[in-house]
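Good morning, and thank you for the time on today's agenda. Please look at the structure with me as I go through a sheet and the helices around it.

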Amino acid sequence: MRKDLSIVLCGQAGQGIQTVEYLLTRIFKLAGYNVFATKEYMSRVRGGINSTEIRVSSGPVRACVNRIDILIPLNKGAVGHVEKRISPQTIILAEKETIADDFDQTRHNFIDVPFTKKASEIGNKIYSNVVAVGTITGLFGIELQTAGEYVKKFFFSKADDVIQNNLAAVKAGFNLGLALADSSKIKFDINGDAGIKGQILVNGVEAAALGAIAGGCNFISSYPMSPSTGLLVFLAKQAKDFGIIAEQAEDEIAAINMAIGAWYAGARAMVTTSGGGFALMTEGISLAGILESPIVIHLAQRPGPATGLPTRTEQADLELALYAGHGEFPRILLAPGNIQDAFYLTRKAFYLADKYQIPVFILTDQYFVDSYYNTPCPDLPDINIEKHIIKTGVDYKRYKLTDDGISPRGIPGYGNGLVAVDSDEHDEAGHITEDLTLRVEMVDKRLKKLQLLKNDAIPPVLVGSEDYKNLIVCWGSTYNVVKEAVENLGRDDTAFLHFRQVYPLPGQTSDYLKKAKRIIIVENNATSQFAKLIKLHTDIEINDRILKYDGLSFYVEELTEKLNDLLN
Amino acid sequence: MNTEIFNMVDIDIAWCPGCGNFPILKILKQALTELTIEPTKLVMVSGIGQAAKIPHYLKANVFNGLHGRALPPATAIKATNPALTVIAESGDGDMYAEGGNHFIHTIRRNPDIINIVHNNMVYGLTKGQASPTSQTGFKTPVQVGGVFLEPFNPLAVAIALDASFVARAFSGDAEQTKEIIKQAIEHKGYALVDIFQPCVSFNKLNTFEWFKKNTYYLDDSHDPSNRNEAFKKATENEPFPLGIFYINPDKRTFEENIGIYKENQKPLYEREPDVGKLKSLIETFTISE
């Protein structure tokens, strides 16, 4: 019997799939189940067809699967949208009247569940989504009270009769679910896990935003763009409580120039953006390069070129981030692989940007920001963050030439010195110069920091046998899907190496790669950008590449199969 | 007047002899001295161009950023530490062409900064092409048949956006210009001071004499609180009015609106993230109650 169930909700935007997803994942969590959810959606406000996958399991689940165990289509057309993922084992809980001739017993396993009928009895078919929530709750044998309490909390700001009707909807659905469980048409054996009680349920962008606050972020200026906007929204919501300036700029150019101005005056600032928005920011990256300004950039990747697929996922902006900005200057590229990384790396990004006075990127993507699962609470030490600013004296020079290339950073108004920064090549005091000898010294000073960055690089994580023959290489958001796929392989001779820092490449990279007889790289892009980066810096060529660029993340089964094909 | 406190030593000024930037620099130093602003509490923000080099010739904190981008960092600097006096100063190409979008939205945002624009109706550093404020018919190496684009009217745009302080000055008139700049600095909210100045190298049309002949000062009968009247004055040309066109003293500033200084006046660099609060926030994601 299944220890891990994949439930997919599918319907039009605006139909309330997000509400169902939100309620169900939280109710599962409350009931003590391990849960994972992710979504794919079309770029529109209403209509279109979107789907959400919720995995429920006895053990941790952290990646998306292709398989659908239970499908809940909310309208006509929804079944067709996920047709390729439906198997003879898929049970489809649907209301015949609602999905009309999609309800075809000769093609798939349908069970007619009167979601809308029950909702109408309660007073409005709008409650059909909550009936569906109740149905799944009943099917799992979760206590009705647990679900009811959460639904009440969710709708607390609504009128009393709306709350009562939603509670009635949960109960009606709950009874439908109990009946389904009794019918033995859906079988699974999933247990709660007492260990998850204190765990948090957050998605990638929430974890990054919490990490930003922990890193002392108190300024964010950005322009809305999917899929990066969640970070701006999160920090704007917390702005009052945490004293954060959260400003929607007139464009991405203003956004990054504001953030750099904020750092100059003593804030800890970041921007969040995607694809074309980031393209506009590149002049600002270059500005940070010459000003030696810290800046943290959250770049949530989506498929390009240009507008591409605005709501889909891809890992194709690695090279853009790596080379963005004219001129030569150091930078760091971080790419969280899981929710914990998103928190710790974003927090660390502020430290690194501040310490080395350089741009630090957090590379995520749509799949990563929209996916969530239960994970332990991050550790937060009760100490003040380390700030790399100094009180200036009268003879302060912002760009004092030092042995390691780092000039102590003063800020205006703190001390008796003056702080001058200039986008022109400048002298030690920060004033425009065309002294070409000094120019060379300044370039060398900036690039010297690269060596220091190498010493501070975040090492890759090796998962699996130390005595591997086959090494799977991946970076960023693919961590959990690769992990589950490699576990599925069940091979003692195969491990995987995940990079959370993709640039500068950590020092251990060559050693790990040289140890392998065979290396396979997994990337959500078409040209294997990370393999090219590895080749450039280690001269190791990775020819076995598993690439996906249809706008969706890898599925566990798909990757397992492709790895098996290559390894057998 | 002794403006020594703002003097830089051993500097090689990149402006042409006779450039209108020289008197503006001198006037600005006088205004700052009279208002007893300390260099350490002053931040000069600029973009790129000949006028944008002014921060390097005056003793203060300097943020000399990118072309067209003086206003976004200036806004952020003031928001990050409201105790600083922030002047964003550049030329007409920097502020009105490359930075046009920021000009519009900075007015809407209303940070308490001073925006001084050296307006010589021509591009200097790139050698003589039209600027947004070039007059129609003005011939340049690029606009070979003469400019046919409608000149940008910064004052009318600013007043249309209900900017909180809008003025125009002339570099040839030190006393009046100094008074206008002083009022702009003392004004709470965004203050635009567009300053006519001759470009001796590239603008043979709008010369010192031309500006003298084609400008006049608004007199006491002009009521700067009357927005419609101010707009009307802003649309006048040849002669162009000079002086303070419009003041709206009641607008809330960006720093007031962002709300983080209501209960805590500390600038951002003196603050620490509230770990206790963050722990409580993270706790809410356990969905445990």
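How many bridges join strand β8 of chain A to β9(A), and do the two run parallel or antiparallel? Before I answer, please note that this is a predicted model. Four bridges join β8(A), residues 219–222, to β9(A), and the two strands run parallel. One of the bridge pairs is Ser221(A) with Glu247(A), the latter in β9(A).

Let me now place this pair in its sheet. The sheet is open and has seven strands, in the order β9-β8-β10-β11-β13-β12-β21 of chain A, and its pairing is mixed. At the edges stand β9(A), residues 245–248, and β21(A), residues 501–503; each has a single partner strand, so one side of each is left without a neighbour in the sheet. From one strand to the next, the twist averages 20°.

Next, a helix on this sheet. Helix α11(A), residues 275–291, lies across β10(A), β11(A) and β13(A), and runs at about 155° to β10(A).

Finally, I turn to a pair of helices. Two packed helices are described by the angle between their axes and the distance between the axes. For α8(A), residues 204–214, and α13(A), residues 339–356, the angle is about 30° and the axes are 7 Å apart. Angles under 35 degrees count as roughly parallel, so α8(A) is roughly parallel to α13(A). The crossing is right-handed. Among the contact residues are Ala207(A) and Leu210(A) of α8(A), and Phe343(A) and Leu345(A) of α13(A). By class, the residues of this contact comprise ten nonpolar, three polar and one charged.

Conventions:
Residues numbered from 1 in each chain as written. Chains lettered and ligands numbered in written order. Predicted model: local features only at pLDDT ≥ 70, side-chain atom pairs only at ≥ 80, totals over all residues. Axes fitted to C-alpha atoms, helices over the stretch in contact; angles between N-to-C directions. Parallel < 35°, antiparallel > 145°, perpendicular 65-115°, else oblique. Left-handed = near helix turned anticlockwise from the far one by under 90°. Contact = placed C-beta atoms within 7 Å. Nonpolar A, V, L, I, M, F, W, Y, C, P; charged D, E, K, R; others polar. Pairing = 2+ DSSP bridges.
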